[in-house]
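I opened a fresh notebook page for this one. Here is what I looked up, in the order I got to it.

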Amino acid sequence: MNKVAIIGGGASGLMAAGTAASSGCEADLFEQNDRVGKKILATGNGRCNITNTGLSFSAYSGRHPGFAAYGLKEFGFEQFERFCRSIGLLLDVKDDGRVYPLSNDARSVAAAFESFALDSGARIHTGHPVTDIKKSGGLFELSSNEKQFKGYQKLLIATGSEAAPQLGGNDSGYRFAVNFGHGVEATYPSLVQLHVDSSFHHKMAGTKINGETTLYLDRRSAAKAGGDILFTSYGVSGFSILDISQRASSALKASGHVSIGLNLLPGFNGQSLAAQIARFAKDMPGRSINTLLTGLITIKVAPHLLKDAGVDPDIKGGQITPKIIRKIAHKLQDWRFEITDTHGFKHAEVSGGGVGTAQINEKTMESTLVSGLYFSGEVIDIVGKRGGYNLHFAWASGRLAGKGLAESQF
Ligand SMILES: Cc1cc2nc3c(=O)[nH]c(=O)nc-3n(C[C@H](O)[C@H](O)[C@H](O)COP(=O)(O)OP(=O)(O)OC[C@H]3O[C@@H](n4cnc5c(N)ncnc54)[C@H](O)[C@@H]3O)c2cc1C
């Protein structure tokens, strides 16, 4: 029977601890927080978008996204749903493929996985930040709260990423990995709000528009996402922004030129929009263009958009030329903002980068450099799209790692 240590009591560590213990391991899980699963509680706005029915490695990024493929096949949606049922958790599949607990409450997920680990016989040590890990004489030992915990044949690093430090996010897993000779891909906030370079965005703060965002990297269109765009005091947020943020943040990290084009009226094509504005102008020649535009977009945005287009907001419908109309229609559908930064790890859902996958066995999650050392979850250089993909990688890689921990070494 292996005696194993798991560092980190998040989604991945709990899955691994329960899996290893239920396969007969003596499993000790160390969690720095005063409770396990703190990040799970914050997921999906407290509802926990636990997985997605459309799992594919193409939903993931990293230096080698294909690394995720084996885990997604071995422990895909069907296997995961069966597993959840077996630990007393029923799921609710939405039409778009997102999956939530039937209770619609992230607390059900945290409780089910904590119970799975405990019922399987894992020992959970909360309030135990691990500060050092060593391997000597073929066995792992770790330091926590100025005590040494020794005699582990195998050890799993499931410490997550630097995202959301208020919930326990930190870089300790990367430091442990580097000490064991592993490479770490540079990390960056992902699924995160963006800072824009403008003198007026803050005046539109609080305005939400159902639009479309195009990401431009070095002025070339690189990605598009539809959904909410929310103006904030620092820049932009909303689902369509989060959806392009991974590539934006990664490009910023590489010092690329990053900008976005906002389409505030994706329901129109360019011509029909110009025709609509022209009709308004003709029918209401005495009204200002600012007032006319509020038939299409909110008053909080109209004057700023017009000024940015170089159009006097007070100009009357009767004075508007076709050239001005084209300018406005173009701005409404491709309003460019330079991106200067992300809103940082504190506000990010996940981190890009992490422990390099080239030195991890994708079938077992074991290090190819140090036998008995495993990695799972977000600490690895795999980051998913929004929609339950990140939690699923944590579950799937935790499941593989738990089985690996339980395998006899001889
Ligand atoms: C606000 C928010 C909302 C999100 N919503 C979703 C969603 O709806 N769907 C989705 O798929 N993903 C979502 N995510 C992402 C998802 O939560 C993570 O990808 C997932 O939790 C990663 O699991 P993990 O086990 O690898 O890491 P974590 O869940 O971060 O767990 C790591 C654990 O290790 C502990 N730890 C770290 N270092 C040490 C140490 N040295 N010693 C001891 N313990 C340590 C931490 O305290 C933490 O409990 C969201 C993230 C955030 C922040």
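**Strands, domains, ligand**

Entry one. I started with a single bridge: threonine 214 has glycine 261, in strand E17, as its bridge partner. A note to myself before going on: this is a predicted model.

Entry two. I then looked up the strands around that bridge. Strand E14 covers residues 208–217 and E17 covers residues 258–263, and the two pair in the antiparallel sense over six bridges. E17 also pairs with strand E18 (residues 335–342), again antiparallel, over four bridges. There I noted isoleucine 260, whose bridge partner in E18 is phenylalanine 337.

Entry three. Next came the domains. The assignment splits the protein chain into domain 1, made of 3–187 and 351–406, and domain 2, which is 193–343. I found five residues of domain 1 and six residues of domain 2 in the contact. On the side of domain 1 that touches domain 2, I listed two nonpolar, two polar and one charged residues. The centres of the two domains, taken over C-alpha atoms, are 40 Å apart.

Entry four. Last, I turned to the ligand. I see 38 residues surrounding the ligand, with Gly8, Gly10, Gly160, Gly168 and Gly377 the closest. By class, the shell has 14 nonpolar, 19 polar and five charged residues.

Entry five. Which helices each supply at least two residues of that shell? I wrote down H1 (11–22), H2 (38–42) and H12 (389–406). H12 gives the largest share, with four residues of the shell.

Methods:
Residues numbered from 1 in each chain as written. Predicted model: local features only at pLDDT ≥ 70, side-chain atom pairs only at ≥ 80, totals over all residues. Near = placed C-beta within 6 Å. Nonpolar A, V, L, I, M, F, W, Y, C, P; charged D, E, K, R; others polar. Domains from an automatic or database assignment. Contact = placed C-beta atoms within 7 Å. Pairing = 2+ DSSP bridges.
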